[in-house]
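User: I am new to this structure and would like a close look at one part of it. Please start from a single loop residue and then place it in its wider setting, explaining each term as it comes up.

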Amino acid sequence: GKFQEQRGSTDCKPCPLGRFASGAGSTVCDRCRVGTYADSEQSSQCTWCVDTLTTAGQGSERREDCTCGAGTRFVQSSGLCETCEETFELLNGSCVCPTERRYDNVLGKCRLCEEQFQCPGGHKKEDAALDLTVRVKDGYMTLPDRPFEPYSCYRNSNCQGERRVRSSSMCGMGFNWAVPRCVLCKDGFYLDSDSNCKPCSDGNSNALLVLKAVSAASAQLLTTGWLYVTLN
């Protein structure tokens, strides 16, 4: 654990952190090899990192210098460094789907992105939910309960721009995004002569109320007449 700056000298000095001297008469302290560390002065040997941990280089001074090696990540449940499974890549300590792949939560792995989608990647393996990073390309749509089954839109103008799967703006203004191809208007809208969904006007709304009132009155008259005939 000590060294002499000059052979034969009686002045022995302790090896610094990250270095060791294993025998008497040493004139130099060697650096700890990769995968080991020396966290105290005057070390006669270096301590190995536990299990699958290693160090970034020689001369490590602390146990905290022991980390997972390149291409691996630390898994808390096992306490070991592990590589990402096939189809995933390592990014910032997590296994994620790479670009042009999306996470399939049924298969539990990344799959190639279909041509109707834009897949930026980044969905984490430990997140078993749907991959909501996926975007639907211009001219296509998907249903909220079937987000990865694309439909071509009835008109491209009904499905403009890239939209995130399960987005409420999947279809154009006024169209029902729970119906394939964005072809029907949702409640409160009507299809005009240019095949656009427009909000019902106040006049239309009033006419509808009148119609409902007339229907209700007619039903009341019929009921009253039926009761009169029955009782007499």
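Analyst:
**A loop residue and its setting**

Y154 is found in the loop that connects β16 (146-152) with β17 (163-164); strands here are DSSP runs of E, at least two residues long, numbered from the N terminus. The model is a predicted one, in which local features need pLDDT of at least 70 and side-chain atom pairs count only at pLDDT 80 or more, whereas totals for chains, interfaces and linings use all residues. Residues are numbered from 1 along each chain as its sequence is written, and side-chain values use heavy atoms, with hydrogens and water left out.

Y154 counts as partly exposed because its relative accessibility is 47% (buried is under 20%, exposed over 50%, partly exposed in between, with a 1.4 Å probe and protein chains only). Together with V183 and L184, Y154 makes a nonpolar surface patch of about 270 Å². Members of a patch have over 30% relative accessible area and no salt bridge, with nonpolar side chains (Val, Leu, Ile, Met, Phe, Trp, Tyr) joined within 5 Å and like charges within 9 Å; the areas come from the Shrake-Rupley method with a 1.4 Å probe, and for residues only the protein chains shown count as cover.

Beyond β17, the loop that leads to β18 (189-191) contains R166. The phi of R166 is positive, near 65°, although R166 is not a glycine. Most residues other than glycine have a negative phi. R166 is classed as partly exposed because its relative accessibility is 43%. Q42, also a residue other than glycine, has a positive phi near 60°. Q42 sits in the loop between β5 (36-37) and β6 (47-48), and with 45% relative accessibility Q42 is therefore partly exposed.

The patch at the surface has a counterpart in the interior. In soluble globular proteins, nonpolar side chains tend to be buried together. Here the largest nonpolar core has 17 residues, and F117, V134, M141 and C182 have the most contacts inside it; such a core is a set of buried Ala, Val, Leu, Ile, Met, Phe, Trp, Tyr and Cys residues joined through side-chain atoms within 4.5 Å. Leaving aside residues up to four places away in sequence, F117 touches V134, R135, V136, K137, T142, P147, F148 and P150, where contact means heavy atoms within 4.5 Å. Another core lies apart from this one; it has six residues, including C84, F88, C95 and Y103.

Strand β7 (residues 72-75) shows both kinds of setting within one strand. Its side chains alternate: R73 and V75 point to one face and are buried, while T72 and F74 point to the other and are not. V75 is counted as buried because its relative accessibility is 13%. V75 touches L80 and E82, again without residues up to four places away in sequence. From V75 to G93 the C-alpha distance is 9.7 Å, with their positions 18 residues apart in sequence. β7 runs antiparallel to strand β8 (residues 80-83), and four bridges join the two; strands pair if DSSP finds at least two bridges between them. T72 stands opposite T83 of β8. Four residues lie between the strands of this hairpin, in which G79 has a positive phi near 70°.

Charged side chains add further links. Side chains of opposite charge can pair when their charged atoms come close. The structure holds seven salt bridges, each a side-chain nitrogen of Lys or Arg within 4 Å of a carboxyl oxygen of Asp or Glu. One of them joins E85 and K125, whose closest N and O atoms are 3.5 Å apart. Because E85 lies in the loop between β8 and β9 (89-91) and K125 in the loop between β13 (117-118) and β14 (135-136), the pair ties together parts that are 40 residues apart in sequence. E85 is partly exposed, with a relative accessible area of 46%, and K125 is partly exposed at 25% relative accessibility.

R111 and D104 form another salt bridge, with 3.0 Å between the closest N and O atoms. R111 is partly exposed at 33% relative accessibility, whereas D104 is buried, with a relative accessible area of 9%. Both residues belong to a network of salt bridges that links R102, D104, R111 and E114. D192 and K198 also meet through their side chains in a salt bridge, 3.3 Å from N to O. D192 is buried at 16% relative accessibility, while K198, at 36%, is partly exposed.
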